[in-house]
Amino acid sequence: MAIFDVSGYKKYCELREQILPAGLTHLVDRTNHYNFGTKTQEFAVPPGVDPSGFLKSCNHDGGVCIEMNHGTTTLAFKFKHGVIVAVDSRASAGNYLASKDANKVIEINSYLLGTMSGSAADCQHWERLLAKECRLYRLRNNHRISVAAASKLLSNMMLGYRGMGLSMGSMICGWDKQGPGLYYVDDNGTRLSGRMFSTGCGNSYAYGVVDSGYREDMTVEEAYELGRRGITHATHRDAYSGGVVNMYHMREDGWIKVCKDDVSELIHRYRKGMF
Amino acid sequence: MALQDICNFQSVFEDRLTTEYPAVPHGKKIPSNYVSGLPFSNNKSLFHFYIPVAEYLDESPIQFGQISTVQNCSAVSSEDPFLTSSSLPTCLPFASSQSVPLPFPMAHGTTTLAFMFQGGVMAAADTRSSCSGLVACPASQKILPIHSHLVGLTSGTSADCALWKRILARELRLYQLRHGRRLSTSGAAKLLSHMLHPFKGTELCVAATLCGWDGGEQKNFVDSTNAKVSLAKDERFSFSQQCSIRKKMNLSGPRLFYVCSDGTRLRGMLFSVGSGSPYAYSILDQGVHWGLTVDEAKSIAREAVYRATYRDAYSGNCVDMYHITSKGWTRRNREDLKEEYYREKERRKHEKTERRDVAFSD
């Protein structure tokens, strides 16, 4: 077709032969579509399949509706002594609680953490892919990847599949040469740097608590308490959040896991007049 | 028609212009002195509610999406507005209006909250009226006093809320005149809930929180406040014990009810309604307990509304606060939250410079 010629589009098999000589094509990782330095981006979607069209047809009223629910609460904030990351641990499938002890923080390396909210499968897959890319970067360039670059990688992965039904809301937290870093990355491709984020359907409850109690010069203990409170109050009001509070503290020398507290005990401490 | 005979339609129709009071103690409707069709004509049955006639809506200059294809319905309703109320789902003129889009989408953005504590009921709300992206009024009033000891917080469509609040106020006043005592908050909530019931399934949207103090006679009031004050001080009592003690005491005291146009009617200690409510809920959950002082309660309510306006786009501008006690409601001056925002910004900047000074001095 004429447009192929004009835009320089090459079929995947042609590209592959250019990059690798014909005997070694079996070494190419078919699912690894994101390569540094290639001219065209390849997406692991078979030709002829149109996920975004299919999804649009699913969103009609009265028809089958595929609802993407972000049933969780995660929060992260930067303060004087680093970054606090706190998540709940409930995994729900509609009204069924699939797990009360799900792990929603992925430890990418000792200086990078990623949180997960949205579809569990999407989050786990893409963040593990991000972990692989970060490791490859470290091996190729002999220095750790920055938080900004890691979040940009994830964001570009999301943009490649935009509109095709991915559901992921993640926060990439780390400490690099610029100091503590916190980025929010979304399945729409949104990538925002900020001081405080909260994702999931319990996020509004967490925002109220953390906005109210946040001070730049908090001590470490106060920050731990604030993170715990945020998740606890969100799990109290939101039906899709619960379980335990998993809290991490990102410091200059790496992250530490602070606690794993059951919210049903924490709520007794925080709601004075309730019981 | 047989149905007409059963519900005494003809006799009711003839009685329309009389001003006789029904002997039934539960008569909720006022006798009509006007000639033309009007909201609540008198009839002796408990649950007869007026449904506006379709033609009236067709003649309206603003075609608000009510389509006139409900021909069969309009023919029926012109004859007997009372009968249509008993066969509600099929004949309601609004029922088929969803196929025509409204001129602008209705959006319900607000933050209102109310909680009970030992000093009465504290109610707070923001003042922004939004219309899907446009701030229609930055100084609207969402807390409407109904009578001296009852205040209603409204959320949902402003027009619906204002109208229903007035209807409720009128009905409560009539009750007071007929029976010589105020209707309890629980009764008012029940009344509102039953009045809204015929409109279930239509696009009416009213979510009201009724905050009131059910007064007893003077003697009761004295006993109850003394008992409450001593309870508040003695926090060794667990909350459930406090509850049962309070229940035993008497039926007067603060009351809080949430009534919604979909039929919900809930009694509780703490409610927050609106798009900004999740943000407010977490602040309230942290701080509200029975033993609060009045000043603490005011500051918590203010902080909760402020946090909701901070994050929610549909809430903002100012905060209104009402405090209901046994003596009635008192209103605090309307406070612009912009000031609070700037104060907080100053505080954060101050903290940051302090931090930098400390770092430099090291």
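Which elements of chain B do the buried residues of α7(B) pack against? In this predicted model, they pack against β5 (143-147), β6 (150-156), α8 (185-196) and β7 (206-214) of chain B. The buried set in α7(B) takes in B:Asp160, B:Cys161, B:Trp164, B:Ile167, B:Leu168, B:Ala169, B:Glu171, B:Leu172 and B:Leu174. The helix itself, residues 158-179, has 22 residues that should span 32 Å at 1.5 Å a residue, and its end C-alpha atoms sit 31 Å apart, which agrees. Just past the end of α7(B) comes B:Gly180, with a positive phi of about 75°.

Over in chain A, there are eight helices and 12 strands, and 45% of the 275 residues count as buried. If we take the contacts in chain A with a separation of 6 or more, 62% of them involve residues 24 or more positions apart. Strand β2 (residues 82-87) of chain A is a good place to look at burial: six of its six residues are buried, so the strand is largely enclosed by the rest of the structure. On one pairing, β2(A) runs antiparallel to β1 (residues 74-79) of chain A, with six bridges between them, and A:Thr74 has A:Val87 as its bridge partner. A hairpin of two residues links β1(A) to β2(A). β2(A) also pairs with β11 (residues 244-251) of chain A, again antiparallel, through five bridges; here A:Ile84 is matched with A:His249.

Chain A also offers a salt bridge between A:Asp101 and A:Lys260, at 3.3 Å from N to O. A:Asp101 is in the loop between β4 (96-99) and β5 (105-109) of chain A, while A:Lys260 belongs to strand β12 (residues 254-262), so the pair ties together parts that are 159 residues apart in sequence. A:Asp101 is partly exposed, with a relative accessible area of 47%, and A:Lys260 is partly exposed at 47% too.

Now for the contact between the chains. Here 20 residues of chain B touch 24 residues of chain A, and the two chains bury about 2,100 Å² between them, 51% of it on carbon and sulfur atoms. Two salt bridges cross between chain B and chain A, including one from A:Asp211 to B:Arg311, whose closest N and O atoms are 2.8 Å apart. Six residue pairs are in polar contact between the chains. On the chain B side, the elements giving two or more residues are α11 (277-287), α12 (294-311) and α13 (337-361), and α11(B) provides the largest share, seven residues.

Two of these helices deserve a closer look. The 18 residues of α12(B) should span 26 Å at 1.5 Å a residue, and the end C-alpha atoms are 26 Å apart, which agrees. Among the buried residues of α12(B) are B:Ile300, B:Arg302, B:Tyr306 and B:Arg307.

In α13(B), B:Glu340 and B:Arg343 lie three residues apart, about one turn of the helix, and their side chains meet in a salt bridge (3.3 Å, N to O). B:Glu340 is buried, with a relative accessible area of 10%, whereas B:Arg343 counts as partly exposed at 45%. B:Glu346 and B:Lys349 are likewise in α13(B) and three residues apart, with a salt bridge of 3.6 Å, N to O; B:Glu346 counts as partly exposed at 47%. Salt bridges with shared partners also join B:Arg302, B:Arg332, B:Glu335, B:Glu340, B:Arg343 and B:Arg347 into one network.

Notes:
Residues are numbered from 1 along each chain as its sequence is written. Chains are lettered from A and ligands numbered from 1 in the order in which they are written. This is a predicted model: local features need pLDDT of at least 70, side-chain atom pairs count only at pLDDT 80 or more; totals for chains, interfaces and linings use all residues. Side-chain values use heavy atoms; hydrogens and water are left out. Buried means under 20% relative accessible area, exposed over 50%, partly exposed in between (1.4 Å probe, protein chains only). Helices (H or I, at least four residues) and strands (E, at least two) are DSSP runs, numbered from the N terminus. Two strands pair if DSSP finds at least two bridges between them. The expected span of a helix is 1.5 Å times one less than its number of residues. Contact means heavy atoms within 4.5 Å. Buried area is the accessible area (1.4 Å probe) that two parts lose on being put together, summed over both. A salt bridge is a side-chain nitrogen of Lys or Arg within 4 Å of a carboxyl oxygen of Asp or Glu. A polar contact is a pair of N or O atoms within 3.5 Å; within protein, one must be able to donate a hydrogen and the other to accept it, and residues adjacent in sequence count only if both atoms are side-chain atoms.
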